[in-house]
Amino acid sequence: MNPGGEYARHSRYITTRVTADGRDGFPAEPGRYRLVASRACPWAGRAVIVRRLLGLEGVLSMGMAGPTHDERSWTFDLDPGGRDPVLGIERLQEAFLARDPGYDRGITVPAIVDVPTGKVVTNDFRQITIDLSLEWKAYHRDGAPELYPPGLRPEIDAVNEVVYKDVNNGVYRAGFAGSQEAYTEAYERLFARLDLLSERLEGSRYLVGDTITEADVRLFTTLVRFDAVYHGHFKCNRRKLSEMAVLWAYARDLFQTPGFGDTVDFDQIKQHYYLVHRDINPNRIVPAGPDLSGWLEPHGRAALGGRPFGDGTPPGPVAAGEEVPAVPGRSWAR
């Protein structure tokens with residue numbers, strides 16, 4: 001939070017890339033890297049979804065940090081002994097300092113770590129998911145969807161840019177505003193954009209084209225947290241998502257699609273925001289609600305046409321050890 005001013009997200013990420021040709025010194029190879037994520041974090045949630053949709057579980061392992069962290073780093077408190085079983089570290093910070101002992105930027109997820117050296121390769125969340133689609137293509141499962149198709153990339157990029165500014169980061173600009181003026185400006189931009197997205201999606205099942213793309217993944221991770229966190233905690237309270245008919249149906253459609261809802265842990269999401277943000281929630285009380293059963297209600301979006309996976313197929317069952325709690329009335333094992 002910037003007292004008296006507008007919230008500004010730092011954007012100084014490690015931009016080294018894992019690529020098919022290894023031009024940055026890190027070729028895509030099965031078993032070499034570990035994706036470190038947290039189910040609490042919307043930016044990491046994107047990478048978790050894309051990895052699952054593309055079927056990369058067998059070639060890119062995943063370490064899961066706990067939902068809370070301190071000023072130093074995300075920690076592996078969900079693992080036995082509080083250490084990541086592959087990297088052997090207690091804090092993600094250790095991988096960043098192994099790469100650069102003088103590292104002074106944010107310790108963020110998602111991050112890709114080179115397992116042999118224990119050094120972080122990148123934490124550039126916007127590029128990571130694109131590279132999983134393009135640079136890891138040789139290792140995609142049979143039937144993997146085309147999340148970033150060549151002919152739609154300019155439109156996907158344009159949609160992603162405004163969604164990032166006004167929605168993905170917009171909820172943070174409202175929640176961490178340091179003045180009434182900064183909050184009001186962020187609030188108005190957020191809901192103006194949500195209104196425009198509602199109009200766009202009223203006659204189209206997905207944001208770009210007739211299949212799920214990178215654009216849908218990026219919007220979903222904000223929408224799925226909206227009622228549980230952003231509506232109250234970040235004061236984004238003109239309406240709940242469940243009161244915005246088109247966006248609520250769109251979000252339910254994605255949630256009920258394999259690869260989306262089966263990566264979401266609402267308990268960890270709430271623990272992160274309400275426990276970590278002590279300046280916003282000093283008493284650290286985690287709310288009991290909202291009721292999650294609505295996520296399983298019929299959405300009616302199939303009537304708009306579209307094919308979720310295009311010419312591909314849904315991902316298979318969730319990998320062992322990567323399961324999340326099911327919402328009431330639904331088992332992800334089905």
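**Entry 1: Asparagine 123**

I started with asparagine 123, which sits in the loop between β4 (119–122) and α3 (125–134). A note to self before going on: this is a predicted model.

Is asparagine 123 buried or exposed? I looked it up, and asparagine 123 counts as buried because its relative accessibility is 1%, with the cut-off for buried set at under 20%. Next I followed its side chain. The side chain of asparagine 123 reaches the backbone nitrogen of isoleucine 14, at 2.7 Å.

**Entry 2: Strand β1 and its neighbours**

I moved on to β1, residues 33–37. How many of the residues of β1 are buried? I found 5 of the 5, so the strand is largely enclosed by the rest of the structure. I also checked which way the residues point. Tyr33, Leu35 and Ala37 go one way, Arg34 and Val36 go the other way, and all are buried.

Then I looked for partners. In which sense does β1 pair with β2? β2 covers residues 61–64, and the pairing is parallel, over 4 bridges. Leucine 35 faces methionine 62 in β2. Getting from β1 to β2, the chain passes through helix α1 (residues 42–54), and I noted this β-α-β crossover as right-handed. I picked out another pair as well: alanine 37 has methionine 64 of β2 as its bridge partner.

β1 also pairs with strand β3 (residues 111–114), this time in the antiparallel sense and over 4 bridges. Here I put my finger on valine 36, which stands opposite alanine 111 in β3.

**Entry 3: A cis bond before β3**

While I was at β3, I checked the loop between α2 and β3, where proline 110 lies. What kind of peptide bond joins valine 109 and proline 110? I found a cis bond, with omega at about 0°. I wrote that one down since most peptide bonds are trans.

**Entry 4: The largest pocket**

Next I went for the largest pocket. Its volume comes out at about 980 Å³. Which residues lie nearest its centre? I listed His69, Trp74, Ile107, Thr108 and His272, out of a lining of 37 residues.

I sorted the lining residues by type: 19 are nonpolar, 9 are polar and 9 are charged. Then I asked which helix gives the most to the lining. α10 does, with 4 residues. I also noted that α1, α2 (93–99) and α10 (266–276) each supply at least two lining residues. I had already met α1 on the way from β1 to β2.

**Entry 5: Phenylalanine 266 in α10**

I stayed with helix α10 and picked phenylalanine 266, which is found there. Phenylalanine 266 has a relative accessible area of 7%, so I put it down as buried. How far apart in space are phenylalanine 266 and alanine 326? C-alpha to C-alpha, I get 9.5 Å, and the two are 60 residues apart in sequence.

**Entry 6: The segment after α10**

Proline 290 is found in the segment after α10. I looked at the bond from glycine 289 into proline 290 and found a cis peptide bond, omega about 0°.

Arginine 284 is also placed in the segment after α10. I checked its backbone angle: phi is positive, about 55°, although arginine 284 is not a glycine. That made me stop, because most residues other than glycine have a negative phi. How exposed is arginine 284? I found a relative accessible area of 33%, so arginine 284 is partly exposed.

**Entry 7: Lysine 235**

I turned up a positive phi at lysine 235 too, about 60°, and lysine 235 is not a glycine. Where is lysine 235? I traced it to the loop between α8 (226–230) and α9 (245–255). With a relative accessible area of 42%, lysine 235 is partly exposed.

**Entry 8: Threonine 19**

Last look-up: threonine 19, placed in the segment before β1. Threonine 19 counts as buried because its relative accessibility is 0%. I then ran the distance from threonine 19 to proline 287. Their C-alpha atoms are separated by 42 Å, with these positions 268 residues apart along the chain counted as their separation.

Key:
Residues numbered from 1 in each chain as written. Predicted model: local features only at pLDDT ≥ 70, side-chain atom pairs only at ≥ 80, totals over all residues. Heavy atoms only, no water. Pairing = 2+ DSSP bridges. Right-handed = clockwise from strand over helix to strand, strands pointing away. 1 Å grid on protein atoms, 1.4 Å probe; cavity = no way out; pocket = protein on both sides within 12 Å on 5 of 7 lines; lining within 4 Å. Points joined across faces, edges and corners; volume = space filled by probe spheres on them. Nonpolar A, V, L, I, M, F, W, Y, C, P; charged D, E, K, R; others polar. Buried < 20%, exposed > 50% of the residue type's maximum accessible area, 1.4 Å probe, protein only. Polar contact = N/O pair within 3.5 Å; in protein donor to acceptor, adjacent residues only side chain to side chain.
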